[in-house]
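Work through the exercises below with the sequence and the coordinates at hand. Each task is followed by a worked solution.

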Amino acid sequence: MTTPHVVVVMGVAGTGKTTIGPLLAGRLGVPYAEADDFHPPANIAKMTAGTPLTDEDRRPWLDAIGDWAQGRAGLGGVVSCSALKRAYRDRIRSAAPDVVFVHLTGDRALIGERMAQRKGHFMPTALLDSQFATLQPLQEDETGVAVDVGGTPYEITERAVTALHGLGDPGDPGDRNDQSDR
């Protein structure tokens, strides 16, 4: 990447967004923001109770993430956000058109196992299937890369850095999406 961009680390729960996000931010030399911190208390209460959020619930959350990303435009940053649906990514892009997505992908069994080992997170494993059902992977016209979550956090981060460098300038329509890890 030739200029500082804001990177949204996306994927279903348990893919490692909150692990990879700070590592990626460190490698890129930019600040990190945790998308969970943008949720209003009502959203966290619903998820803690095992109730999936509605699109209406997500709107203020996505707007807050988009505002943060827009505030970092030209400075760079990394924010984690599930961004499971195209409409969610479009909402973020409406505030911050130059964001780049890193979609953390992996096998349902591996991700479920990792979720089961987490301590103190409000997202229960029971919601994982609903997340996979909702997931709409990056499309050809979306600037971003898919990165497999197999291996150590450092290996995943290095794959993400390499894939992002392969994108070139996200403003170049010839480099919109890398399919190498799909």
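**Exercise 1.** What percentage of the 182 residues in the protein is buried?

Solution. The model is a predicted one. A residue is counted as buried when its relative accessible area is under 20%. By this cut-off, 44% of the 182 residues are buried. The accessible surface comes to about 8,200 Å², and carbon and sulfur atoms account for 54% of that surface.

**Exercise 2.** Describe the order of helices and strands, and the sequence range of the contacts.

Solution. Start with the counts: the protein has seven helices and six strands. Next, read along the sequence, which gives β-α-β-α-α-β-α-β-α-α-β-α-β. Then take the contacts between residues at least 6 apart in sequence: 75% of them join residues at least 24 apart.

**Exercise 3.** Which residues have the most contacts inside the largest nonpolar core, and which elements each supply at least two of its residues?

Solution. The largest nonpolar core holds 19 residues, and L24, V102, L104, V147 and L164 have the most contacts inside it. At least two residues each come from strand 1 (6-10), helix 1 (17-28), strand 4 (100-105), strand 5 (144-148) and helix 7 (153-167). Helix 7 gives the largest share, six residues.

**Exercise 4.** List what L104 is in contact with, leaving aside neighbours within four places in sequence.

Solution. The contacts of L104 are V9, M10, G11, T15, G16, K17, I20, V147, V149 and I156. Apart from the largest core lies another, of 18 residues, including M10, A69, V79 and L138.

Key. Residues numbered from 1 in each chain as written. Predicted model: local features only at pLDDT ≥ 70, side-chain atom pairs only at ≥ 80, totals over all residues. Heavy atoms only, no water. Helix = DSSP H or I, 4+ residues; strand = E, 2+ residues; numbered from the N terminus. Buried < 20%, exposed > 50% of the residue type's maximum accessible area, 1.4 Å probe, protein only. Contact = heavy atoms within 4.5 Å. Areas by Shrake-Rupley, 256 points an atom, 1.4 Å probe, with all protein chains shown as cover. Core = buried A, V, L, I, M, F, W, Y, C linked by side-chain atoms within 4.5 Å.
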